[in-house]
Every structure is written in C-alpha cells, then in structure tokens.
Amino acid sequence: MRRLLQPLLLVLLGSALHAQGVPPPLGERFLVPILTQPTAGAFGSLWQSELWIYNDNEEPANVGLGPIVPPKSTIAYIGQRPSNEIPAGVMHALFGQAARLSFNLRVRDLSRQAETLGTEIPVVRESEFLTEKMTLLNVPTDERFRPMLRVYRFLAFLEPPGTVRLRFYRIGVTPDVLLSEQTLALAGSGIGYAQLASFPPEVLNETAVRIDLELLTPMQFWAFVSVTNNATQHVTIITPQ
C-alpha cells in the first residue's frame, strides 16, 4: 500500500505546485500581465486581450496555458481568462526553449476596434523581475485620464504574497517633492497581485508624478501603470525602464 501511495502523492503534489505557478524543473516563468476575455469597462468600453506566441524551437513547446505550440509556428490565445480572480496569467518554458519563444500581448477596446489595433503590454520574463526599488516616471494624474497601478510577483507554494510601499513625488522641481505615501498588500496564489485605481488626493492636482515602489517583503516583483484616456479610451503603458 505504501508503494502505491507514494507515486500518487507525488502526482498530487506536482499538480498543486503547477496550480500555484511553480515552474517545471529547469524551467523559466513568464508573466502575462493582462489575460482576459471580453470585459466591460468605463464609458462603454469592452476590453479583450490577445496573446500571440511564436515557437522558434525545433520541438513543440508547452507553455502551460493551453495547446502546445508546434515548432516554427505561431498560435494565439484570444479572449482567455485565468482560472483565478487575478486578471493575469503565468507561462512556463524549459530553459532550453525559453530563449527562442517570442510574444505579442495586446489589449484592445472592442467597442472602438475600427479606431485602433490596441495597446501592447510587455510579457515579462522572470529574469526581468526586480528585487529592489522600482520607479515609474511621468504618470499622469489629472481628471482626463484613468491611471491604474498593477503590481505582480510569482509565488512559491504556500508563500505569503507580500507588501510594497508606494511613494508619490512631484516632478519638474529640484529636488522632487514627496507628496504622499501608502502601503499596498498583494494577494493571491501562484501570482501575488495588487492594483491601485484611486491615487491619493494629494497628487490629483499635479499634472504628472513619479511613483517609487519599495519592498516591505523581500521578493522579486514587477509593476506597471496603464493610463486610459476618458474620451478616446486610448491606453498608454508606463513600465520600469
């Protein structure tokens, strides 16, 4: 009986780890920051993600989202939704294959698809995650736009999601002036995630601000700000550079 139970437990543990976003042995993870089926937004907008993957390897690549990507081929995941409540996804690839995978992730407003092809969102390799302070520059805060800050981290099995401190600075003066600060707690499993759609009132009279993200929990993380124009629904992406 013990000999029969041990393989079963290994299979169950492997399935649990995969569900928690843990990469396969010798593998690399990729963050898909927005992965969603058509979702209603403000001002009549209807948002959908389109993820395209090209596999330049000589063998098929299993990235963990759905169908295996054939060699020398491009496939699309359009209108997919992750199984959890976080509007993001995790892909995996063996290290020997990861370098030869290419991606294009776009988010478009279907209600205005005749006006734009959408906005490109980075697919982020685990090696591009940061372990120290992150700075996002020139983030608009006036009432013409809807800014949204999103923060991500990969989580190991049963690992707590973590917390970051946000500091907002006035720019265009010397030196930059601290206007406000607050903490932001991540949540989730597999992916730790937090978002901030309502910026502090102290920054709303500014044209644009600098946002610093400082870790209160040791971790690797990544973040970006989407800025949506209230009139056109055009989206601008601000990433760490």
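# Strands and salt bridges in a predicted model

Student: How much of the protein is made up of buried residues?
Tutor: Buried residues account for 44% of the 241 residues in the protein. Please keep in mind that this is a predicted model.

Student: And how many helices and strands are there?
Tutor: The protein has two helices and 16 strands.

Student: What share of the contacts join residues at least 24 apart?
Tutor: Among contacts between residues at least 6 apart in sequence, 72% join residues at least 24 apart.

Student: What does the accessible surface come to?
Tutor: The accessible surface of the protein is about 12,600 Å², and 56% of that belongs to carbon and sulfur atoms.

Student: Let us turn to the sheets. What is the strand order in the open sheet of four strands?
Tutor: The order is β13-β10-β15-β16, and the pairing is antiparallel. β13 (191-196) and β16 (235-238) are the edge strands; each has a single partner strand, so one side of each has no neighbour in the sheet. From one strand to the next, the twist averages 20 degrees.

Student: How many bridges join β10 to β13?
Tutor: Six bridges join strand β10 (residues 145-154) to β13, and the two run antiparallel. As an example of facing residues, Leu149 stands opposite Leu196 in β13.

Student: What about β6, which strands does it pair with?
Tutor: Strand β6 (residues 101-109) is joined to β3 by nine bridges, with the two strands running antiparallel. β6 also pairs with strand β7 (residues 119-121), again in the antiparallel sense, over three bridges.

Student: Which residues are bridge partners there?
Tutor: On the β3 side, Trp52 has Asn104 in β6 as its bridge partner. On the β7 side, the bridge partner of Leu105 is Ile121.

Student: Where is Ser102, and what is it in contact with?
Tutor: Ser102 is located in strand β6. If its neighbours within four places in sequence are left aside, Ser102 is in contact with Trp52, Ile53 and Tyr54.

Student: Is Ser102 buried, partly exposed or exposed?
Tutor: Ser102 counts as partly exposed, because its relative accessibility is 42%.

Student: How far apart are Ser102 and Asp56?
Tutor: The two are 46 residues apart in sequence, and their C-alpha atoms are 7.9 Å apart in space.

Student: Since Asp56 has come up, which residue forms a salt bridge with it?
Tutor: Asp56 forms a salt bridge with Lys72, and the closest N and O atoms are 2.9 Å apart. Asp56 and Lys72 are both in the loop between β3 (46-55) and β4 (73-78), 16 residues apart.

Student: Are those two buried or partly exposed?
Tutor: Asp56, at 21% relative accessibility, counts as partly exposed. Lys72 also counts as partly exposed, at 41%.

Student: Which other residue meets Lys72 in a salt bridge?
Tutor: The side chain of Glu58 meets that of Lys72 in a salt bridge, at 3.6 Å from N to O. Glu58 and Lys72 both lie in the loop between β3 and β4, so this pair ties together parts that are 14 residues apart in sequence. Glu58 counts as exposed, with 63% relative accessibility.

Student: Which residues belong to the network?
Tutor: Asp56, Glu58, Lys72 and Arg100 are joined into one network by salt bridges that share partners.

Student: How many salt bridges does the count come to?
Tutor: The count comes to 15 salt bridges. One of them joins the side chains of Glu126 and Arg29, at 2.8 Å from N to O.

Student: Why does that pair tie together parts that are 97 residues apart in sequence?
Tutor: Glu126 lies in the loop between β8 (124-125) and β9 (134-140), whereas Arg29 lies in strand β1, so the salt bridge ties together parts separated by 97 residues in sequence. Strand β1 covers residues 27-32.

Student: Are Glu126 and Arg29 buried or exposed?
Tutor: Glu126 counts as buried, because its relative accessibility of 16% is under 20%. Arg29 likewise counts as buried, at 10% relative accessibility.

Student: What kind of contact joins the two side chains at 2.8 Å, besides the salt bridge?
Tutor: The side chains of Arg29 and Glu126 are also joined by a polar contact of 2.8 Å.

Methods. Residues numbered from 1 in each chain as written. Predicted model: local features only at pLDDT ≥ 70, side-chain atom pairs only at ≥ 80, totals over all residues. Heavy atoms only, no water. Polar contact = N/O pair within 3.5 Å; in protein donor to acceptor, adjacent residues only side chain to side chain. Pairing = 2+ DSSP bridges. Axes fitted to C-alpha atoms, helices over the stretch in contact; angles between N-to-C directions. Buried < 20%, exposed > 50% of the residue type's maximum accessible area, 1.4 Å probe, protein only. Contact = heavy atoms within 4.5 Å. Areas by Shrake-Rupley, 256 points an atom, 1.4 Å probe, with all protein chains shown as cover. Salt bridge = Lys/Arg side-chain N within 4 Å of Asp/Glu carboxyl O.
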